[in-house]
Amino acid sequence: MRIYAVCVYLFLYTPIAIIALFSFNAGRHASQLQGFSVQWYARAFKNPFVMDALETSLFVAFVSATLASILGTLAAVGLQNIRGPARAVFDGVIYIAIMIPGIVIGIATLIALVTVFDVLNPLLASLWFEGGQPPRLSMGIGSLIAAHTMFTMALVIVIVRARLAGMEKVLTEASADLYATPLGTFRQVTLPLIAPAILAGFLLSFTFSFDDFIIAFFVAGSETTLPIYVFSSIRRGVTPEINAIGTMVMVASLLLLIIAQLILRRRPRS
Amino acid sequence: MTRSERNWLLVAPAAAWFVVMLVLPLSVIFVFSFGERGPAGGYVPAFTLEQYANLPARFTAFKNTMILAPVGTIAAMLIAYPLAYQLAVRTDPKWKTILLVLVIVPFWTSILIRSYAWIFILGGRGLPALLEMVGIEGVRLIYTPFAVLIGIIYGYLPLMVFPIYVSLDRLDKRLLEASADLGAKPLRTFLTVTLPLSIPGVATGCMLVFILLMGEFLIPALLGGGKVFFVGNALVDLFLQSRNWAFGSAVAFTLIVIMLVTVTVYMRVIARLQSGRDDVSIM
């Protein structure tokens, strides 16, 4: 049994280790190791396409994770006291957001936004003041952030709601009995208790957005995120530079996840 | 402002976001699936069932998905179960958490890069080259259903281990001792006590993996090399290459319906199995 477990761990980690190992390979070829070198890392950092893609990915991940954390937390707090059919509809929507495959979300968002933009753009142009250049709505960083925020907001709501459900109702009632305003109760009682869940939700959202390929592939317009760059490079063939980028991306996501786990596991002070 | 108005105010931004970025797009797909393709691609409004009638044109994609998704799910379950059992029942509690985290961590790192690792391993310069050295020649691994299956198992194994682990970890270990004390052999204890009690975890794991596999695009795209493709790959082709939005919408909507039906039926069956077992345990 123990040997079996070791084999499964080897299965899980060997491919990752191989990528990391070959990212330090001095030679170009995948089949033989030719000494240690960090040249592929240096090349990745000097490649303007990689750096642009990285910047786009970080920006999108940060903005969408921030929006998702704020709006998701507000919704989770509000939903606590909402019952009845409206609540059932909302829960259904969250369930659909998490269950529908990313590829369908990506395609549907692309088609819907392109169709809406085709109607709005001439409208904007006709309403715009004489001689000025009317703004043109198109797929790009905005649509990408909006799509990522939608999905990660569903994640944040689920995580924060689980934490709220575990919270003693007595605490908020006591606060109200002591004449705290609802906002005061939220700031001084609820928020400190759910803060770890919000932070963990933020980190998971960030990781999701940073790693997402399939939704971005459809809704990013002419923008290139890091996963889109990696995907198109892989199609052109395996290069050591991709190994280096892959290793860095995995290490970065690992660190974020470990932090998220530590935060989520820490018991609230009571 | 009343209490209930305040609650709605808190929920409103999220609700609006879901309406614009989820409900609207899915409704558009639904409406477009009854339309027609424009002369230069795109969509022309119409009301016809032509697109749905045309679905057999993409039969291979549906067939591959409906074969490889269940096969991959079951394979991942068979590999995950013994590991989850080892971790939950046989491991020193001191090491449990860290070992479990080690299983789950890969799932949250880029599936793109993890699948890419297998292009590397299964490609001509990887395993086949090693096999050649020991005298087995002409083995082709990459761009086969086998490669896609390996990619699937590799990608989704962590997601399968977790729920099974949770159900086995919750299991009251005294039941196992009781069974042994009453003279049951280990195998019999496993089959009559452990396995039935871990069914909820197995069911959850299978459902999670199956749902994700139904919409899979990356693994077949990278490891199937255009030869082994899923509905997801057909969708990319329809929307980005042939720009047939109406037909693509019909394919996407059919995928959603198949998923919802499968999941609903599956949950019913599991619920029935569960309630049946409870009756037995009461007796």
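Reader: Let's start in the middle: which residues of α5(B) are buried?

Author: Before the answer, the ground rules: this is a predicted model, in which local features need pLDDT of at least 70, side-chain atom pairs count only at pLDDT 80 or more, and totals for chains, interfaces and linings use all residues. Residues are numbered from 1 along each chain as its sequence is written, while chains are lettered from A and ligands numbered from 1 in the order in which they are written. As for burial, a residue is buried if 20 or more other C-beta atoms lie within 10 Å of its own, exposed if 12 or fewer, and partly exposed in between, with C-beta atoms placed from the backbone. In α5(B) the buried residues are I111(B), L112(B), I113(B), R114(B), S115(B), Y116(B), A117(B), W118(B), I119(B), F120(B), I121(B) and L122(B). That makes 12 of the 12 residues of α5(B) buried, so this helix is largely enclosed by the rest of the structure.

Reader: And how do I read the span of helix α5 of chain B?

Author: Helices (H or I, at least four residues) and strands (E, at least two) are DSSP runs, numbered from the N terminus. The expected span of a helix is 1.5 Å times one less than its number of residues. Helix α5 of chain B, residues 111–122, has 12 residues and reaches 17 Å from first C-alpha to last, close to the 16 Å expected.

Reader: What do the buried residues of α5(B) pack against?

Author: Contact here means that the C-beta atoms of two residues, placed from the backbone, lie within 7 Å. The buried residues of α5(B) pack against elements of both chains: α1, α10 and α11 of chain A, plus α6 (127–133), α7 (145–170) and α10 (218–223) of chain B. Take W118(B) as a case: leaving aside neighbours within four places in sequence, W118(B) is in contact with P15(A), A147(B), I150(B), G151(B), Y154(B) and L223(B).

Reader: How many residues does the largest nonpolar core have?

Author: A nonpolar core is a set of buried Ala, Val, Leu, Ile, Met, Phe, Trp, Tyr and Cys residues joined through C-beta atoms within 7 Å. The largest one here has 155 residues, and W118(B) turns up again among those with the most contacts inside it, together with I107(A), A80(B), A84(B), L235(B) and A252(B). This core draws at least three residues from each of domain 1 (1–37) and domain 2 (47–265) of chain A.

Reader: How far apart are the C-alpha centres of those two domains of chain A?

Author: Domain bounds come from an automatic or database domain assignment. The C-alpha centres of domain 1 and domain 2 of chain A lie 33 Å apart. Eight residues of domain 1 of chain A are in contact with seven residues of domain 2 of chain A. On that side, domain 1 of chain A has five nonpolar, two polar and one charged residues (Ala, Val, Leu, Ile, Met, Phe, Trp, Tyr, Cys and Pro count as nonpolar, Asp, Glu, Lys and Arg as charged, and the others, Gly among them, as polar).

Reader: Now the interface: how many residues of chain A are in contact with chain B?

Author: 60 residues of chain A are in contact with 59 residues of chain B. The helices that each supply at least two residues of the chain A side include α1 (2–23), α3 (48–79) and α11 (240–265). By class, that side of chain A divides into 47 nonpolar, 12 polar and one charged.

Reader: Why is each chain described as more spread out than a compact globule?

Author: Compare the radius of gyration, taken over C-alpha atoms, with the globule rule, 2.2 Å times the number of residues to the power 0.38. Chain A comes to 11 helices and zero strands. Its radius of gyration is 23 Å, well over the 18 Å that the rule gives for 270 residues, so chain A is more spread out than a compact globule. Chain B has 12 helices and zero strands. Its radius of gyration is 24 Å, well over the 19 Å for 283 residues, so chain B is also more spread out than a compact globule. Along the principal axes, the C-alpha trace of chain A spans about 70 × 70 × 30 Å, and the C-alpha atoms of chain B fill a box of roughly 75 × 75 × 35 Å.

Reader: Last one: where is R243(B) found, and what is its phi?

Author: R243(B) is found in the loop between α11 (231–241) and α12 (245–282) of chain B. Its phi is near 50°, a positive value in a residue other than glycine. R243(B) is partly exposed, with 14 other C-beta atoms within 10 Å. Over in chain A, Y179(A) has phi near 65°, also positive in a non-glycine residue, and lies in the loop between α7 (169–177) and α8. Y179(A) is exposed, with 7 other C-beta atoms within 10 Å.
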